[in-house]
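Student: I would like a close look at a single part of this model, set against the chain as a whole. Please choose one helix and take me through what surrounds it.

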Amino acid sequence: MKRVLKCVRCGKEYPINVPRYLCDCGGLLDVKIVKEDSDDFSHIKETWKKRRCSNKPVDESGVWRFRELVYDFDESEIVTFPEGKTNLYELPKNILDVKALFAKHEGENPTGSFKDRGMTIGISFAKKLGYKMVICASTGNTSASLAAYAAKAGLKAVVFIPDGKIAFGKLSQALAYGAKTLQIKGDFDDAMNAVREIASKHKIYLLNSLNPIRLEGQKTIMIHTLEQLNWEIPDWFVLPGGNLGNTTAFGKALYELKKFGIIEKVPRLAVIQAENANPFYSAYKNGFEKFEPVKAETIATAIRIGNPVNYEKAKRSIEFTNGVVEEVSDEEIMNAKAVLDRSGTGCEPASAASLAGAIKLRKKGVIKKNDKVVILLTGNILKDPGATTDYHLGKLHYGGSLQNAPEKIENSKEKIEEKIKEILGE
Ligand SMILES: *Cc1c(COP(=O)(O)O)cnc(C)c1O
Ligand SMILES: [Zn+2]
């Protein structure tokens, strides 16, 4: 495979091994993969499957097992835990009235979110290019992932996080893995501007989702899911949208799989945003005529993003897959999370936006009764214990029948006996 960076706006191409995040014209860059005569994809599905029997980390990894569509590193250059060995669960029928509902659980990655799939290629790249330091701005999960992979690779890591607006599980990871953590006054978008500027001045590798390399790793969420479905293409793939990195990566994965003859049809993407962090939804509503950043606010911190960097590329994914964009309220998000958590398949708030969105789209009749639907769960339930306990303790201004607050009980044999009988239903 031959790879170059290509501007999505003007089409100008740049070599892939010279670091660059934007085109001279200001447009976003994309990794363009060109098939060469020696590339043969006629048995690629078998090759990918066979690697699962190997105990080599690069074969076990749910990213590098699909390396033909990720990057052609030498094995020794790859920094991997290995990541991406995540499950696809079939969810109970009562959750959504469709033919089949699956959850792809990316919270099962080494640092608890899908960000690891992008970070393994990003950090491998930083190392190969001779960088000693990596940096990102993050609402939390990117910094947790960057910190862990930098520690593994022996690189210095700096993360910029928004002041006071970050879930506890994520912050604790960045600190524990040893990243220098800088809390900047302002929101995610302010933090993002700060790192862009600093990375352009120093020899520091920038690993935000602006970085087109990371998205090549995130494509494997889609590839892996389709493999787990025995390559029977679902009707819908529903995912939360923040910076729109996954939206971009999934459209690109599907485009390439189709172009290389690995699949014949593509699922429709449904991207779900939080009501008060919904610039992509608003743009979709006006036919992508115009895009306006917003001041973002939502309990789902991972998608509390008002000016998504990947807007232009994400738009392309919606057009290519005949996709839709929907918005949901925080209440809908937290109630959907309660449903997922109660099924045993827990997740963090942003992840539950996908189920909340699927429920809404089903109600509207966009998703049909006979459809096969995959929802993406992006992060682990332990990432944001604050949001979960606030919900169950009734500290939010909404709740539902699944709220489950702890109950105080006297330390007396009789009282305990009585209570247990009540729970047993005796
Ligand atoms: C990063 C992140 C998102 C947002 O994904 P994008 O690709 O930026 O749209 C959603 N959920 C979780 C848990 C995340 O960590
Ligand atoms: Zn350009």
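Tutor: Of the 426 residues of the chain, 58% count as buried, that is, with under 20% relative accessible area for a 1.4 Å probe and protein chains only, where over 50% is exposed and anything in between partly exposed. The model is predicted, so local features need pLDDT of at least 70 and side-chain atom pairs pLDDT 80 or more, while totals for chains, interfaces and linings use all residues. Residues are numbered from 1 along each chain as written, chains are lettered from A and ligands numbered from 1 in written order, and side-chain values use heavy atoms, without hydrogens or water.

The secondary structure comes to 14 helices and 13 strands, these being DSSP runs (H or I over at least four residues for a helix, E over at least two for a strand) numbered from the N terminus. Along the principal axes, the C-alpha atoms fill a box of roughly 75 × 50 × 50 Å. Among contacts (heavy atoms within 4.5 Å) with a separation of 6 or more, 68% come from residues 24 or more positions apart.

The part to follow is helix α7, residues 212-228, beginning with its packing against α3. The axes of α7 and helix α3 (residues 115-128) are 7 Å apart, and the two helices pack at an angle of about 140 degrees; axes are lines fitted to C-alpha atoms, for helices over the stretch in contact, and angles run from 0 to 180 degrees between N-to-C directions. On the α3 side the contact is made by Lys115, Arg117, Gly118, Met119, Ile121 and Phe125, which meet Ile213, Arg214, Glu216, Gly217, Gln218, Thr220, Ile221 and His224 of α7.

Lys115 also leads to another helix, since it is among the residues that Asn141 touches, along with Ser113, Lys170, Glu348 and Lys383, when residues up to four places away in sequence are not counted. Asn141 lies in helix α4 (residues 141-153) and is buried, with a relative accessible area of 4%.

A second helix partner of α7 is α8 (residues 245-259), whose axis comes within 8 Å of that of α7 and crosses it at roughly 65 degrees. From α7, this contact draws on Leu215, Glu216, Gln218, Lys219, Ile221, Met222, Ile223 and Leu226, and the residues of α8 that take part include Gly245, Ala249, Phe250, Ala253 and Leu257. Leu244 lies in the loop between β10 (236-240) and α8; its phi is near 70 degrees, a positive value in a residue other than glycine, and at 2% relative accessibility it counts as buried.

The helix also meets a sheet. Three strands form an open sheet in the order β2-β1-β3, with antiparallel pairing, where two strands pair if DSSP finds at least two bridges between them. At the edges stand β2 (13-15) and β3 (29-34), each with a single partner strand, so one side of each has no neighbour in the sheet. Neighbouring strands are turned by 40 degrees against each other on average, direction ignored. Strand β1 (residues 2-7) is joined to β2 by three bridges, and Leu5 has Tyr14 of β2 as its bridge partner. Helix α7 packs on this sheet, touching β1 and β3, and its direction makes about 55 degrees with that of β3.
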